[in-house]
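Subject: A structure for you to explore

Hi there,

Here is the structure I promised to pass on to you. Have a look at it first, then read on for what turned up in it.

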Amino acid sequence: MHRASRPRKAGRPLGLATALAAASLAAAGCGHKEESRYTSVSRPQAVQVVQPTRRTIVRVVGQPSFIESYERTSIYPKLTGYIDNWKVDIGDKVKKGELLAKLFVPELEEDLETKKATVGLDKRRVELAEKLVKVAEADVKSAEATLSEAQAIYGKYEAEVERWDTEIKRLKREVDRGVVDPQILLESTNQWKSSVASRQAAKATIEKAQADLLSQQATLAKAQVDVSVAQADLSVAESEAKRIEAWVGYITLSAPFDGIIVTRNANTGDFVQPSTGDPTANMRSPNLAPGGMAAPIYTVDRTDIVRIFVDVPEQDANYVQVGTKATVLVKAYRDEPIPGTVTRTSWALNIKSRTLRAEIDLPNKGSQLLPGMYAYAKVIIERPGALALPASAFVQSGEKTFCWTYKDGKARRAEVRTGVSDGDWYEVTNLMYEGSGSKTEDPWKPVTGSERVILGDLSILADGAEVQIASPEGENVAGPARTKGDGPAATSVAEKDPEGSTPVR
């Protein structure tokens, strides 16, 4: 038996399948390959590269500030007393040493007159003591002469004693021989005894003259000591007079320098005290005493030079030195910034704000820059010849900054140390690849400028992955600056201020 053939279902697309198969065979017969519409996943990622280039990076650090006089001195009294009279008022220009006010302290002035009289008396005592020294010196010379005379007389009698002693011995021999009368020997013996007595008297006279000489020498020494004592008393009196005179000098209040009076709390007859000034002064007067008890008698500002302060953030502190360019905008004075330079820095950072205090001195000819005026100060940091990369070359991860370098056809992730930045360009100083270096070798390598740094979408790169340069023209082309929130630039966002410069926040 033969199985009957099953009928075809109506509508089955045999013609379409046959047509597709024929078209495929016809294409194969013509020798053409169909190109795939999808990119192979094994193809290396195309990237652009750039090398660090040397350029001048200009960073502007702007801060609101205020003008302060170069010097401001509050005049307080040294003495307790009354204001006798005052000479100047607020707004008056004064010269150094010019009298501002005078105090009335009569007891101090009387004390000074007493000390001056004591000095005069001590001078007379010194003169008297010096004259007594001269008298004592004369007495010493007289005693020395008397001693010399007594010694001469003693020598005369000593010679006579020796003569008569020899004569007696000769006469004794002659008397024993019967040649000379014994009476002559007796007379010679009496002469010898007289000479011996005279010699003893001369010796006593010498001893007395020596005693007188010692006495006169002692008197001279005492007179010389009296002179020294009198001179010491005079020195003490003069020193005391100078001390009181110095106190009297505090009666007059004078200007410490050329300037302008900005505060006056002096009124005739006011009772003033040391350190607290005038206790009747208005409690809202400027520059009150530390305890808030009273204001100073005067406040003087030196305005030929004014100072402006800029607090530089910690990351820029090392780049601000004496001589760094700066500008100061004082809108109350003029609409154009005033050029200047950093005059001094505090060198140490403020431990609370972590900022470096920089000061800008400006000449104030005509005193048109008034202390207290609002100012906007900018410090212009210039870093010439710095090896720099565009901001789009960096990736921020936590507190670290990374970049991707192209080496041997692969992307290498490296941590980078950056320096000064203007927001679009960053100075690069050192690179460190993960796993590089050793215990004895510093893993950080200085940037030389020959590195090839990858730009573009860095989020799709993997360390060690193969990449290829998109086009030769891509090299040495800076990528676009990143917007707020991209990598390192997010920590230092630049905005244009109304004056057209770029302060850093």
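A salt bridge is a side-chain nitrogen of Lys or Arg within 4 Å of a carboxyl oxygen of Asp or Glu. Please keep in mind that this is a predicted model.

**Salt bridges**

Let's begin with a pair inside one helix. Lys222 and Asp226 form a salt bridge, with 3.1 Å from N to O. Because these two residues are four residues apart in helix H3, about one helical turn separates Lys222 from Asp226. Lys222 has a relative accessible area of 54%, so it counts as exposed. Asp226, with 29%, is partly exposed.

The next pair joins two helices. Glu240 and Lys115 meet through their side chains in a salt bridge of 3.9 Å, N to O. Glu240 belongs to helix H3 (residues 182–249) and Lys115 to helix H2 (residues 106–177), so this salt bridge ties together parts that are 125 residues apart in sequence. Glu240 is partly exposed at 24% relative accessibility, and Lys115 is partly exposed at 22%.

Now for a pair between strands. Arg302 makes a salt bridge with Glu71, and their closest N and O atoms are 3.1 Å apart. Here distant parts of the chain are linked: Arg302 is in strand E9 (residues 298–313) and Glu71 is in strand E2, 231 residues apart. Are these two residues buried, partly exposed or exposed? Arg302 is partly exposed, with 22% relative accessibility, and Glu71 is partly exposed too, with 30%.

How many salt bridges are there by this rule? The count comes to 22. Some of them join up: Glu68, Arg307, Arg344, Glu359 and Asp361 are linked in a network of salt bridges. As a general point, side chains of opposite charge can pair when their charged atoms come close.

**Charges over rings**

Arg307 is worth a second look. Besides belonging to that salt-bridge network, Arg307 has its charged end over the ring of Tyr70, 6.0 Å from the ring centre. Elsewhere, Lys156 lies over the face of Tyr157, and the distance to the ring centre is 5.6 Å.

**Aromatic pairs**

There are four aromatic pairs in the structure. In one of them, the ring centres of Trp247 and Tyr250 are 5.8 Å apart and the ring planes stand at 70°, so this pair is edge-to-face. The cut-off behind that label is an angle over 60 degrees. Trp247 is partly exposed at 30% relative accessibility, and Tyr250 is partly exposed at 37%.

**Strands and how they pair**

Try tracing strand E13 (residues 374–390) next, and see which strands pair with it. With strand E2 (residues 53–75), E13 pairs in the antiparallel sense over 13 bridges. In that pairing, Pro64 has Tyr376 in E13 as its bridge partner. Strand E10 (residues 325–329) also runs antiparallel to E13, and four bridges join them. There, Leu329 stands opposite Tyr376, so you will meet Tyr376 in both pairings. Strand E17 (residues 425–433) is another antiparallel partner of E13, over three bridges, and Leu389 stands opposite Tyr426 in E17.

You can also find an open sheet of four strands, in the order E6-E5-E3-E8, with antiparallel pairing. Which strands are at its edges? They are E6 (252–254) and E8, each of which pairs on one side only. Strand E5 (residues 99–104) is joined to E6 by three bridges, and the two run antiparallel. One place to look is Ala101, which stands opposite Leu253 in E6. While you are tracing strands, remember that in a regular strand the side chains alternate between the two faces of the sheet.

**A patch on the surface**

Finally, edge strand E8 (residues 271–272) includes Phe271. Phe271 is partly exposed, with a relative accessible area of 33%. Together with Tyr82 and Phe104, Phe271 forms a nonpolar patch on the surface, and the three have about 290 Å² of accessible area together.

Enjoy exploring!

Best wishes

How values were computed:
Residues numbered from 1 in each chain as written. Predicted model: local features only at pLDDT ≥ 70, side-chain atom pairs only at ≥ 80, totals over all residues. Heavy atoms only, no water. Patch = residues over 30% accessible without salt bridge, like charges linked within 9 Å, V, L, I, M, F, W, Y side chains within 5 Å. Areas by Shrake-Rupley, 256 points an atom, 1.4 Å probe, with all protein chains shown as cover. Buried < 20%, exposed > 50% of the residue type's maximum accessible area, 1.4 Å probe, protein only. Pairing = 2+ DSSP bridges. Phe/Tyr/Trp six-rings, centres within 6.5 Å; stacked < 30°, edge-to-face > 60°. Lys NZ or Arg CZ within 6 Å of the ring centre and 35° of its normal.
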